[in-house]
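Subject: Handover of a structural model

Dear colleague,

Please find below the structure that I am handing over to you. My notes on what was found in it follow directly after.

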Amino acid sequence: MICARASAHCKDICRGNSTNVDTPPVAPSRPFTSPKDNFVGGISLPPNRGLHRTGADGVPLPILPYGFYQYENDFAIPLSEAYSGMSLTAPYVSTVTPDDEWFAKMDLFMDDCASINFLVHFQLIGFEHDSTNSPEIMANITAQVNRYKNHPALFAWYLADEPDGEGIPLEWLQPKYDLIKELDVNHPVSMVFCAGGAKDYLSALDMIMVDIYPIPGSPAAGVYDTLLPMSSLGKPLIFVPQSFGGGENWARSPSVQEERIMAYASLLCGVVGVQFFVRDGRNFPQATNAWGEVRRVGMEVGMLVSSVSGGEKVEVESDIEWIKGGAWVERDGSIVVLGMNLGKGTVAGDTASFTLAVPVSTDATVLGVSTMFDGDEGDVEFSVSADNVVSIVDTLRGMETRVYKLSTKDQGQDQDQDQADDDNLVYNPSFEQNVNPGVTDGFYLGAPPNSERSFFFADSRLSHSGITSMRLETQQDAGLTFAAYTIGGWGGGLDADAKYTFKIWAKGAGGGETVAFNLQPLIFVDEVTTLTVDVTEEWAEYTIEVTTGDTSVSCPYGCRGWLNYGMTSNGTVWLDDMRMSMVAA
């Protein structure tokens with residue numbers, strides 16, 4: 001491993017031996033995007049919200065890029081991690097003198113990443129040690145920025161790696177930053193720091209990356225005390241958690257729970273992205289169970305993006321010093337609360353009370369509190385005062401995290417309407433049930449040949465009703481297939497010789513994407529049993545009417561395989577509110 005943290009100063013701080021961060025008054029944050037704000041792929045930062053990225057339909061959606069560094073631009077690594085909901089990579093391939101071979105390899109890597117909706121934190125750190133800002137240097141920066149500034153995979157320009165520890169003055173970097181912003185107003189510029197050195201470079205960056213590697217010298221939860229004051233610097237933060245160990249100054253890798261607590265601590269500190277150091281083929285990380293936890297947290301983060309990046313922040317107080325909490329208002333009026341025990345109490349756990357005032361802007365009343373990501377979600381003890389202050393009481397073990405969902409009357413009544421509707425025979429029709437984070441319940445998955453660049457996720461950022469839709473992505477002519485859960489059980493199912501209506505709501509990222517819904521011809525006797533949908537950029541309902549034959553023969557164990565669906569073109573599609581009901585006689 002080649003250490004990217006070369007200075008003694010940074011090695012000392014990255015080991016967690018110092019959390020002293022001298023923060024000046026809040027600095028103004030420069031805008032990320034042009035006034036038009038409709039550049040496809042442009043990164044923006046709305047007031048009091050997290051990062052947003054403009055889609056093909058011109059609408060910015062909240063994002064929280066979650067990924068890793070890698071040493072080479074080997075596409076196999078992003079491809080292997082995309083299935084876990086990761087979406088960000090930063091390959092160490094920066095060069096001051098790019099040649100045709102370098103550009104060709106980078107072109108391929110960028111194109112491949114775009115094909116799976118993976119973002120690239122493009123490194124320009126090869127230029128950081130240049131003190132001249134000569135015409136040749138500036139021309140080489142210009143060549144790279146102009147070549148990739150309109151690329152759909154581009155996330156940001158990564159200009160410098162710990163310049164404070166490397167003794168690189170602001171004067172070397174400011175002209176480079178100014179040039180990048182002149183060439184590209186649609187993407188931010190970032191630098192990484194161990195701690196408070198960022199305060200001396202604020203005029204030459206849009207985002208501050210913070211790399212704190214405490215394990216094993218210091219508690220993992222200490223990242224909270226370092227990140228929190230850095231948020232007062234007035235620039236959005238990206239956290240770089242440790243996922244390596246075993247050499248240099250780090251005797252071991254972080255444990256499963258240390259990886260989790262570091263990531264969740266950063267969310268409570270308001271980071272806009274998480275980029276682990278480092279993922280490198282089979283070499284890093286060696287601890288596969290810990291990296292498995294990184295993947296698991298990534299799926300949880302994917303379900304939290306709508307609130308953490310897109311929602312209004314709500315302050316949370318805890319009656320125990322080492323138990324922290326934060327909350328956000330979801331777009332449906334519910335409230336998501338993150339809680340964590342920093343591990344300074346007992347191993348057995350500490351019972352804490354989280355208190356938050358429901359924002360006046362929501363005009364909501366809390367009706368219930370349940371946990372998320374715990375499998376079978378359970379109710380949690382809570383109370384609401386006369387002035388609409390909510391108190392949640394729960395026990396968290398040391399270094400444990402928990403996510404709560406506060407349901408409110410402000411959500412309306414449609415979230416589970418179809419599931420509770422006896423007329424609808426579809427299981428989990430609005431994709432609200434996701435026992436495993438990011439994975440909608442209620443189907444068997446099929447993976448045809450050449451579908452390795454196809455994905456599906458539960459998506460809380462867009463829905464026709466409720467809070468969750470099912471997002472399908474593919475860059476092939478045909479992607480994954482989904483066989484809907486059985487209608488009826490043993491001896492049950494669809495009536496014989498009866499008419500049924502199948503309905504689905506759908507929208508596409510750019511419009512023109514195609515999804516086919518194939519109703520089983522052994523069950524349905526109509527000449528046409530396939531609903532082929534060419535979706536638009538807006539939600540629309542699509543319908544087909546079908547007739548059953550002798551279901552005592554076709555559905556002896558319930559109607560299994562009654563519906564198989566999937567994309568038949570490339571692109572991204574959202575599905576919601578699937579419905580199968582008998583036509584009234």
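I begin with strand β4 (residues 66-70). Strand β4 pairs with strand β11 (residues 273-276) in the parallel sense, and three bridges hold this pairing. Within the pairing, Tyr-66 is placed opposite Val-274 of β11. Please bear in mind throughout that the model is a predicted one.

Strand β4 also pairs with strand β5 (residues 88-91), again in the parallel sense, over four bridges. Here Tyr-69 has Ala-90 of β5 opposite it. Between β4 and β5 the chain passes through helix α2 (residues 76-82), and the resulting β-α-β crossover is right-handed. Five of the five residues of β4 are buried, so the rest of the structure largely encloses this strand.

A comparable description can be given for strand β7 (residues 154-161), which is mostly covered, with eight of its eight residues buried. Strand β6 (residues 119-123) runs parallel to β7 and is joined to it by four bridges. Gln-123 has Tyr-158 in β7 as its bridge partner. The chain travels from β6 to β7 by way of helix α4 (residues 135-148), in a β-α-β crossover that is right-handed. Strand β7 is further paired with strand β8 (residues 189-193), in the parallel sense and over four bridges. In that pairing Ala-160 faces Met-191 of β8.

As general background, the strands of a sheet pair through backbone hydrogen bonds, in either a parallel or an antiparallel manner.

Two open sheets with antiparallel pairing should also be brought to your attention. One has three strands in the order β1-β2-β3. Its edge strands are β1 (43-44) and β3 (60-62), each of which pairs on one side only. Two bridges connect β1 with strand β2 (residues 52-54) in the antiparallel sense, and Ile-43 has Arg-53 in β2 as its bridge partner.

The other open sheet has five strands, ordered β22-β23-β30-β25-β28. Its edges are formed by β22 (454-459) and β28 (540-547), each pairing on one side only. From one strand to the next, the twist averages 25 degrees. Inside this order, strand β23 (residues 469-474) and strand β30 (residues 571-582) run antiparallel and are joined by five bridges. Thr-474 has Gly-571 in β30 as its bridge partner.

One residue of strand β25 (residues 499-508) deserves a separate note, namely Lys-507. Is this lysine, Lys-507, buried or exposed? Lys-507 has a relative accessible area of 6%; because the limit for a buried residue is under 20%, Lys-507 counts as buried. A polar atom of the Lys-507 side chain lies 3.2 Å from the backbone oxygen of Glu-537. Apart from neighbours within four places in sequence, the residues in contact with Lys-507 include Asp-57, Leu-462, Val-535, Thr-536, Glu-538 and Trp-539. Glu-537, Thr-572, Val-573 and Trp-574 are also among the contacts of Lys-507.

I turn now to the aromatic residues, for which the count comes to 31 aromatic pairs. Phe-103 and Tyr-148 form one of these, a tilted pair with 6.4 Å centre to centre and 35 degrees between the planes. Phe-103 belongs to helix α3 (residues 100-115) and Tyr-148 to helix α4, and the pair links distant parts of the chain, 45 residues apart. Phe-103 and Tyr-148 are both buried.

Phe-502 and Trp-562 form an edge-to-face pair, with 6.2 Å centre to centre and 70 degrees between the planes. Phe-502 is in strand β25, whereas Trp-562 is in the loop between α11 (551-554) and β29 (563-567), so this pair ties together parts that are 60 residues apart in sequence. Phe-502 and Trp-562 are likewise both buried.

Finally, one aromatic cluster is made up of Tyr-69, Tyr-71, Tyr-92, Tyr-158, Tyr-213, Phe-244, Trp-250 and Phe-277. Two of its members have already appeared above: Tyr-69, opposite Ala-90 in β5, and Tyr-158, the bridge partner of Gln-123.

Yours sincerely

Definitions and conventions:
Residues are numbered from 1 along each chain as its sequence is written. This is a predicted model: local features need pLDDT of at least 70, side-chain atom pairs count only at pLDDT 80 or more; totals for chains, interfaces and linings use all residues. Side-chain values use heavy atoms; hydrogens and water are left out. Buried means under 20% relative accessible area, exposed over 50%, partly exposed in between (1.4 Å probe, protein chains only). Two strands pair if DSSP finds at least two bridges between them. A crossover is right-handed if, with the strands pointing away from the viewer, the path from the first strand over the helix to the second runs clockwise. Axes are lines fitted to C-alpha atoms, for helices over the stretch in contact, and angles run from 0 to 180 degrees between N-to-C directions. A polar contact is a pair of N or O atoms within 3.5 Å; within protein, one must be able to donate a hydrogen and the other to accept it, and residues adjacent in sequence count only if both atoms are side-chain atoms. Contact means heavy atoms within 4.5 Å. Rings of Phe, Tyr and Trp (its six-membered ring) pair if their centres lie within 6.5 Å; planes under 30 degrees apart count as stacked, over 60 as edge-to-face and the rest as tilted.
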